[in-house]
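Biologist: I would like to learn how to read a protein model, one feature at a time. Could you take me through it slowly?

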Amino acid sequence: MTLSDRLQSLAAASSKPPETNDGREYIEEVKGFGGLKYHCNLCHVCFEPHLKDNHIKQDAHKEAYKVQKEKGTVEEQLVLGKHEGLSPTEEEFQAVRDIVLSCEKALKLVSDVLSQEDLPSQAGSDDVVADVIIKQENTDVVVTEDKVADPGDPVEVRPRAIKGVMRAGLLANGLLMKGEVSVHLVLLSRDKPTSTLLARVSDILPKQLSTITEDKYEIVMQPENACILVTSTKSPKAMCKVSLTSQLMRRHPFDYYNDIAPPDPVDVLPRKACEDALRELRRARWFEAKAYSLPFCEIVMRIFRELCSRIPTLSRMDIWLLELIVQKCLSTLDSNATAASAVQRVFECIAGGIFLPDNPGVYDPCEREPTDLCTKLTIQEREDMTASAQHALRLLAFQQMHKILDITLDDLSSEGKSGNKRKRSEAEAAETTQAKKDKPESGKIPK
């Protein structure tokens, strides 16, 4: 049974009818040797079919239903409150926004400068040498030859050396957390990236940044990592990693079975770093297409990222593996799902043994060859993660979501008090706003 089949069966088992006001959705049919009976999941009792309406009218059932609704509301508030505390602050968001937009605009200008520098001389001179590009059919081999251009012949302009810049990693997925001000941009080149091209970009970038913004940045080139680090000098010190790579750096089966593949340049950048950057781009595009639009995706991802950083047994689950699990779980939620139930669904998937050796595993959708991401986990680590998820489900069954989220009872009481104050302040602000609307505006144009 595949991962999708397991999640579909899990969704069918946990789905329930639309919510009513009397708890009728918690009563289910039970067929056995004694005939048809009903079982109430709130009161944990069985009764005959003709006693269904009488059971719903009992005070014990009504009280159990009231407690269940309050529990769901409290858990939802806990999850949303925890997520709000994990989101980046306004200062961090502004710092990241400034450095990303500045780098993207500056790199576009760098591409323009490189394109101008690589232009051939003006056509019409007898000593002009033009590159004639001959592409062989059904291959990627490019052969160049030189010839003297005639005055009437058009000069073919080669494509840009820098083809574009794209966002990758947590920045592209919109999953940055509080305290995270490091982002990743990927610069795509036409040919295989070299140390020479990286140095040219690093030399031109400071001047282009100064034309876009007055903010000061420190620029450090790291050829061993095939990237340039751009760091802001003001607090919070945001950092942007600009990786240089090309689609030509991704290994293709053609490279292994043919000897006529074009050789690498002498100063080509490390292949592993370039392949890692391409892998980040593929994963970012997959996440945007498959996961980002799912309900509660951003909330669940931040909640579990914090859990993986705090709980040692979950720390071996990297971000990419977590994204795949969350995407599969959230795609099976019903229309009545909440943020708390979405968190519980992920725990149910892990607790069901998806990481254990006897299960299908989690395969990478962004690789050509079948790649099980669970193979890098030891058997002990898989069992530890499964046991941690099972323990979390037991806490949820006893209404202890606050222990999973690491929220103390003192925080709950303070949040309740602050919530009351917030309601009063919102009411006062509404009255003040209404009073201002009744007065004529004086001189100031609202934005």
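Modeller: Let us begin with a single residue in this predicted model: Arg200 has a relative accessibility of 28%, and because buried means under 20% and exposed over 50%, Arg200 counts as partly exposed.

Biologist: Which residue forms a salt bridge with Arg200?

Modeller: The general idea is that side chains of opposite charge can pair when their charged atoms come close. In this model Arg200 pairs with Glu117, and their closest N and O atoms are 2.8 Å apart. Arg200 belongs to helix α6 (residues 195-212) and Glu117 to helix α4 (residues 90-117), so this salt bridge ties together parts that are 83 residues apart in sequence. Glu117, with a relative accessibility of 48%, is also classed as partly exposed.

Biologist: How many salt bridges does the whole structure hold, and are Glu306 and Lys82 buried or exposed?

Modeller: A search of the whole structure finds 24 salt bridges. One of them joins the side chains of Glu306 and Lys82, with an N to O distance of 3.8 Å. Glu306 sits in helix α9 (residues 297-310) and Lys82 in helix α3 (residues 59-86), so that the pair links parts of the chain 224 residues apart. Both Glu306 and Lys82 are buried.

Biologist: Where does Lys234 lie, and where is Asp215?

Modeller: Lys234 forms a salt bridge with Asp215, at 3.5 Å between the closest N and O atoms. Lys234 is in the loop between β9 (227-232) and β10 (239-245), while Asp215 is in the loop between α6 and β8 (217-222), 19 residues away along the chain. Lys234 is partly exposed at 40% relative accessible area, and Asp215 is partly exposed at 25%. Elsewhere, salt bridges that share partners join Lys272, Asp276, Arg279, Arg282 and Glu367 into one network.

Biologist: How many disulfides does the structure hold?

Modeller: The structure holds 0 disulfides. Two of its cysteines can still be read for burial: Cys297 is buried, with a relative accessible area of 3%, and Cys308 is buried as well, at 9%.

Biologist: In what sense do β8 and β9 pair?

Modeller: These two strands, β8 and β9, run in the antiparallel sense and pair over 6 bridges. Gln222, for instance, has Cys227 in β9 as its bridge partner. The hairpin that they make has 4 residues between the strands, and there Ala226 takes a positive phi near 55°.

Biologist: What span should helix α11 have, and why is the helix described as largely enclosed?

Modeller: In general, an α-helix has 3.6 residues a turn, so residues three or four places apart point the same way. Helix α11 (residues 339-351) has 13 residues, which should span 18 Å at 1.5 Å a residue, and its end C-alpha atoms lie 19 Å apart, in agreement. The helix is largely enclosed by the rest of the structure because 10 of its 13 residues are buried. Among those buried residues of α11 are Val343, Arg345, Phe347 and Ile350. Just after α11 comes Gly353, which has a positive phi of about 95°.

Biologist: What share of the residues of the protein chain is buried?

Modeller: Of its 447 residues, 37% count as buried. The chain has 14 helices and 10 strands, and its accessible surface comes to about 26,500 Å², with 52% belonging to carbon and sulfur atoms. Among contacts with a separation of 6 or more, 67% are between residues 24 or more positions apart.

Methods: Residues numbered from 1 in each chain as written. Predicted model: local features only at pLDDT ≥ 70, side-chain atom pairs only at ≥ 80, totals over all residues. Heavy atoms only, no water. Disulfide = S-S within 2.5 Å. Buried < 20%, exposed > 50% of the residue type's maximum accessible area, 1.4 Å probe, protein only. Salt bridge = Lys/Arg side-chain N within 4 Å of Asp/Glu carboxyl O. Contact = heavy atoms within 4.5 Å. Areas by Shrake-Rupley, 256 points an atom, 1.4 Å probe, with all protein chains shown as cover. Pairing = 2+ DSSP bridges. Expected span 1.5 Å × (residues − 1).
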